Amino acid sequence: MDELKKQMKEFGDKLYYSFFRHRMDNTGLTKSKIMFSNVLLHIQPVKIHKRSVKFKTTMGLGLITFYLFLLLATTGILLMFHYVPSTAIGPDGLPDAYSRMVNLRSNVFWGDFLRNMHRWSAHGMVAFVALHMLRVYLAGAHRGGREFNWVIGCILGLLTVFLSYTGYLLPWDQLAFWGVKVGTEIAKIAPGGALIRAVLLGDTDVGAEALIRFYVLHVAVLPSVMGFLIAVHFFRIRKDGGLARPADTSKEKQIPDEEFGEVKNNSVFKSARSYKLVEIVKGNEPKVNEEVDQMMFAWPKLIVREVMVFAGLMVVMSLISVFFDAPLEGPADPNHPTNPAKAPWYFLGLQELTSYDGFIGGVVIPGILAGGVMFLPYIEIFLETFTKTYRKNIPGVWFARERWIENALFIGMYLFMLTLIIIGVYFRGENWAIAYPWVEQAAGGGH
């Protein structure tokens, strides 16, 4: 019997190690192996700064944005099993694309929930990208060698908006048709916009060709590009030294050691970092300047927090999807425009600006804002270089006093665009005239 137990244990060990390369004890070596031997976890470092797990450092905004992207990809693939990007009239007298939406809401098991989840996640991702960028800037996390990653993040932000916009047309209802038509009319104002519009639509107006092109962009081209850039974004976070933090955090209150567990062994990784002399060069790598006594293992404290954020997000999105249906108006009718015809909410600020002046509101101001924000860290470096006012200790510092002008301008820009969006959503009625939401209006486009 003992021999049988021994053989069973040996077989169990071999079976276990065929899947995993580590045990689950509390040693530093195991914690390291868990991180770098797991395909999902190894993109993160084995050890992180204690500051990384504090809520105020990131508020989880970037993580939530990434989770929404995964949620969109998953629900989008499931929706693709049912959706057909066609405007051909089917047996029920409705365009195929619209008919599929109707069937999804009524005849497909969990179809309504799935569509709601996809729709609200798309809007949520646009909002969280904006909040994430605001957090990064106000915390000075776009500086200290992270300038290029800021540019990548801005490109990802633009792609997020475009991804949501291309999906907006797919239901092929009145809301989608006229929302996209308004957006493409705004794009036509920009230099070269007419050509871009023609390439996007594949025709002179929004129609069957536009639906197919938007579909391909939405399900294949944009997600692929975004997936690649997200990987580069994460890669740069690691290579740029992890999350931004002040040069000296020794006076900050950090998570107590007992909360993330005591490592049993006396591994050199517990209290020191070893270096191998390969070559003597000038300058420092980010890893060299780590505060070793402020570092902790990413497993399990960080990973548990990330799982909790994911679980919380799933609960919130599920509740929203159960209680709030994604809008679906009547089938698209090019001969009967909605009044007012409104673009998606994230373009309503732009639509509001163009209502005052097409070129200034639709090209000049958005161009300055988009270009200025993308290259903002380089503009700051340029000014600091020529005025010799380089500020070293600003990365990772919320509302740094040295940056109060930049922070005030950035917040002002957000408030400006938010005000325009609110006006567009709630205070514009027929013929784009001012209307008050508490006064009953005739039926029109809504978002």
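Over residues 60–84, the chain is 80% helix and 0% strand, with its end C-alpha atoms 36 Å apart. This stretch belongs to a predicted model, and it is one of the segments that UniProt, in an unreviewed entry, lists under "transmembrane region", the others being residues 120–138, 150–170, 215–235, 302–324, 359–383 and 404–427. Another of the listed segments, residues 302–324, is 96% helix and 0% strand, and its end C-alpha atoms lie 33 Å apart. For the protein as a whole, 16 helices and 2 strands are assigned, and buried residues account for 43% of the 447 residues. Of the contacts between residues at least 6 apart in sequence, 76% join residues at least 24 apart. The accessible surface amounts to about 24,800 Å², and carbon and sulfur atoms contribute 68% of that area.

Helix 4 comprises the 20 residues 61–80, and the 28 Å between its end C-alpha atoms agrees with the 28 Å that should be spanned at 1.5 Å a residue. Its buried residues are Leu61, Ile64, Thr65, Tyr67, Leu68, Phe69, Leu71, Leu72, Thr75, Gly76 and Leu79. The cover over these residues includes helix 3 (55–58), helix 5 (96–106), helix 6, helix 10 (208–239) and helix 12 (301–323). A view of this packing from helix 6 (residues 111–138) is offered by Met117, which is found in that helix and is buried, its relative accessible area being 4%. Beyond residues up to four places away in sequence, Met117 touches Leu71 and Thr75, together with Met317, Ser318 and Ser321; Leu71 and Thr75 are among the buried residues of helix 4. The C-alpha atom of Met117 is also separated by 8.6 Å from that of Ala326, although the two residues are 209 apart along the chain.

Helix 16 (residues 404–426) contains 23 residues and reaches 32 Å from its first C-alpha to its last, close to the 33 Å expected at 1.5 Å a residue. The buried residues of this helix are Glu406, Asn407, Phe410, Met413, Leu420, Ile421 and Gly424, and what covers them includes helix 6, helix 7 (147–168), helix 13 (345–354), helix 14 and helix 15.

The segment after helix 16 is linked to helix 13 by a salt bridge. Arg428 pairs with Glu352, the closest N and O atoms being 2.6 Å apart; because Arg428 lies in the segment after helix 16 and Glu352 in helix 13, the pair ties together parts that are 76 residues apart in sequence. Both partners fall below the 20% limit for burial, with a relative accessibility of 11% for Arg428 and 0% for Glu352. Salt bridges that share partners also join Arg143, Glu147, Glu380, Glu384 and Arg403 into one network. Within this network, Arg143 and Glu380 form a salt bridge whose closest N and O atoms are 3.0 Å apart. This pair links distant parts of the chain, with Arg143 in the loop between helix 6 and helix 7 and Glu380 in helix 15, 237 residues away, and both residues are buried.

The structure holds 14 salt bridges, and a more local example is found in helix 1 (residues 2–19), where Asp13 and Lys9 lie 4 residues apart, about one turn of the helix. Their side chains meet at 3.2 Å, N to O. An α-helix has 3.6 residues a turn, so residues three or four places apart point the same way. In this pair, Asp13 is partly exposed at 22% relative accessibility, whereas Lys9 is exposed at 53%.

On the surface, a nonpolar patch is formed by Phe148, Phe375, Tyr378, Ile379, Phe382, Leu383 and Phe386, which together have about 740 Å² of accessible area. Helix 15 (residues 376–387) gives the most to this patch, with 5 residues. Phe375 is placed in the loop between helix 14 (358–374) and helix 15 and is partly exposed, with a relative accessible area of 43%.

A loop position with a contrasting environment is provided by Gln294, located between helix 11 (268–271) and strand 2 (295–297). At 10% relative accessibility, Gln294 counts as buried. Apart from neighbours within four places in sequence, Gln294 is in contact with Ile48, His49, Lys50, Thr249, Ser250 and Gln254.

How values were computed: Residues are numbered from 1 along each chain as its sequence is written. This is a predicted model: local features need pLDDT of at least 70, side-chain atom pairs count only at pLDDT 80 or more; totals for chains, interfaces and linings use all residues. Side-chain values use heavy atoms; hydrogens and water are left out. Buried means under 20% relative accessible area, exposed over 50%, partly exposed in between (1.4 Å probe, protein chains only). Contact means heavy atoms within 4.5 Å. The expected span of a helix is 1.5 Å times one less than its number of residues. Patches are made of residues with over 30% relative accessible area and no salt bridge: like charges are joined within 9 Å, nonpolar side chains (Val, Leu, Ile, Met, Phe, Trp, Tyr) within 5 Å. Accessible areas come from the Shrake-Rupley method with a 1.4 Å probe; for residues, only the protein chains shown count as cover. A salt bridge is a side-chain nitrogen of Lys or Arg within 4 Å of a carboxyl oxygen of Asp or Glu. UniProt positions are given in the numbering used here, feature names are shortened, and annotations may be inferred rather than shown by experiment.
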